[in-house]
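Thanks for coming, everyone. I would like to walk through one model today, beginning with a single residue and then moving on to the sheets and the ligand.

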Amino acid sequence: MNDVRYSVDDAVATITLDRPEAMNALTTRMKAELLEALTMASQAYAVRAVLLTGTDRAFCAGQDLNEHAANLEAGLGLNGTVRTHYNPIVMAIAEMGKPVVAAVNGVAAGAGAALAFACDLRIASDRAKFAMAFSGIGLAPDSGASWTLQRLVGRARATDLLLLGEPFDAARALELGIVSKVVPASELAAEARALAVRLAQGPTSAYAATKHALEFAASSSLADALVLEADLQDTCAKTADHLNATHAFLDKKRPVFEGR
Ligand code: LHQ
């Protein structure tokens, strides 16, 4: 991989978008590398949480507009990238049976912001800035932003943010509930890592079930959500983590989760 870095430590896979000269804007190569990294993290048994971040001033400026302009010039339109790259990337995050934390270190624009929205938790540096840049270049939301943003902030605010496209800073993102925490830029890497390590030491199967239940319940009836909850709870109840943590509680000990 060239523009995306992948490393595993303490059961946390860290995926770093690393093309700072273009604010980590996504080229075809970068999108392929990001999907490859997410797939590796998903498949690796030893990985129990994922941390997605950027470098320098940017988390991710969305689609690389130089490459996109070349495609338009060549009459290729979007060149299939929404279906070929963005959609599989977002689904890889959503379907990852492990928590995914976005450490938003700087600008997150367009599909870059949508990537952060697709993650399970977002922690931001006080230098982070979000821009729903789609309408600014005559496009509608993609990469799940129409789905995720309204679930994060409610439909009225999502409509406002997507139609008007006004950039907003980390403090506003916190107010809107888009990020769960804002920390000084110098502390972001350590704070985000501590959060990811904590999640990697948690009940991985229960986390996977929680993600599944939330995703399903977002667009189902209460009755159907109850049915799925019951099934998922059956699965969780069979894990060693559940048995051990229940005994640990009764023994007044801290539970140790092994992720199985
Ligand atoms: C960039 C980019 C960029 C290339 C900064 N590309 N170089 C899906 C499917 C297919 C097509 C289209 O889109 C999509 C979904 C999307 O993602 S749509 C949204 C695409 N992204 C944008 O419209 C954001 C464009 N960028 C900006 O608005 C600003 O650059 C932001 C707000 C990100 C940062 O502003 P500043 O902090 O003022 O930095 P800057 O504008 O000076 O940028 C620094 C450099 O990064 C600069 O290059 P240069 O060679 O002049 O130093 C920019 O050209 C480059 N850059 N974003 N998306």
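Let me start with Glu175, which counts as exposed because its relative accessibility is 59%, where the cut-off for exposed is over 50%. Please keep in mind throughout that this is a predicted model, and that the values I quote are computed from it. Glu175 belongs to helix α7, which covers residues 170-176, and its side chain makes a polar contact with the side chain of Arg172, at 2.5 Å. Looking further along the chain, Glu175 and Val153 are 22 residues apart in sequence, and their C-alpha atoms are separated by 9.7 Å.

A contrast to that exposed residue is helix α4, residues 111-118, where 8 of the 8 residues are buried. The buried residues of α4 include Ala111, Leu115 and Phe117, and I mention Ala111 in particular since that residue will come back when we reach the ligand.

Now to the sheets. In what order do the 6 strands of the open sheet run? The order is β1-β2-β3-β5-β7-β10, and the pairing is mixed. At the edges stand β1 (4-9) and β10 (181-183), each of which has a single partner strand, so one side of each is left without a neighbour in the sheet. Ignoring direction, neighbouring strands of this sheet are turned against each other by 20 degrees on average.

Within that sheet, β1 and β2 pair in the antiparallel sense over 6 bridges, with Asp9 standing opposite Val12 in β2. These two strands form a hairpin with 2 residues between them, and Asp10, in the turn, has a positive phi of about 50 degrees. On to the next pairing: β2 runs parallel to β3 (residues 49-53), and 5 bridges join them, with Ile15 opposite Leu52 in β3. Strand β2 itself, residues 12-17, has 6 of its 6 residues buried, and the cover extends to both faces, with Val12, Thr14 and Thr16 on one side and Ala13, Ile15 and Leu17 on the other. Further along in the order, β5 (residues 100-104) and β7 (residues 121-125) run parallel and are joined by 4 bridges, and here Ala103 stands opposite Ile123 in β7.

There is also an open sheet of 4 strands, in the order β4-β6-β8-β9, again with mixed pairing. Its edges are β4 (58-60) and β9 (168-169), each with a single partner strand, so one side of each is left without a neighbour in the sheet. β4 pairs with β6 (residues 107-109) in the parallel sense over 2 bridges, and Ala58 stands opposite Val107 in β6.

That leaves the ligand. Of the 24 residues around it, Arg57, Gln63, Leu65, Ala111 and Asp142 come nearest, and by class the shell consists of 14 nonpolar, 6 polar and 4 charged residues. As for individual polar atoms, a polar side-chain atom of Arg57 lies 2.8 Å from an oxygen atom of the ligand, a polar backbone atom of Gln63 is 2.9 Å from a ligand nitrogen atom, and a backbone N or O atom of Ala61 lies 3.0 Å from a nitrogen atom of the ligand. How much of the 1,000 Å² that the ligand exposes when taken alone does the protein bury? The protein buries 66% of that area. Finally, the elements that give two or more residues to this shell are α2 (65-73) and α3 (81-95).

Notes: Residues are numbered from 1 along each chain as its sequence is written. This is a predicted model: local features need pLDDT of at least 70, side-chain atom pairs count only at pLDDT 80 or more; totals for chains, interfaces and linings use all residues. Side-chain values use heavy atoms; hydrogens and water are left out. A residue is near a molecule or strand if one of its heavy atoms lies within 4 Å of it. A polar contact is a pair of N or O atoms within 3.5 Å; within protein, one must be able to donate a hydrogen and the other to accept it, and residues adjacent in sequence count only if both atoms are side-chain atoms. Accessible areas come from the Shrake-Rupley method with a 1.4 Å probe; for residues, only the protein chains shown count as cover. Ala, Val, Leu, Ile, Met, Phe, Trp, Tyr, Cys and Pro count as nonpolar, Asp, Glu, Lys and Arg as charged, and the others, Gly among them, as polar. Two strands pair if DSSP finds at least two bridges between them. Axes are lines fitted to C-alpha atoms, for helices over the stretch in contact, and angles run from 0 to 180 degrees between N-to-C directions. Buried means under 20% relative accessible area, exposed over 50%, partly exposed in between (1.4 Å probe, protein chains only).
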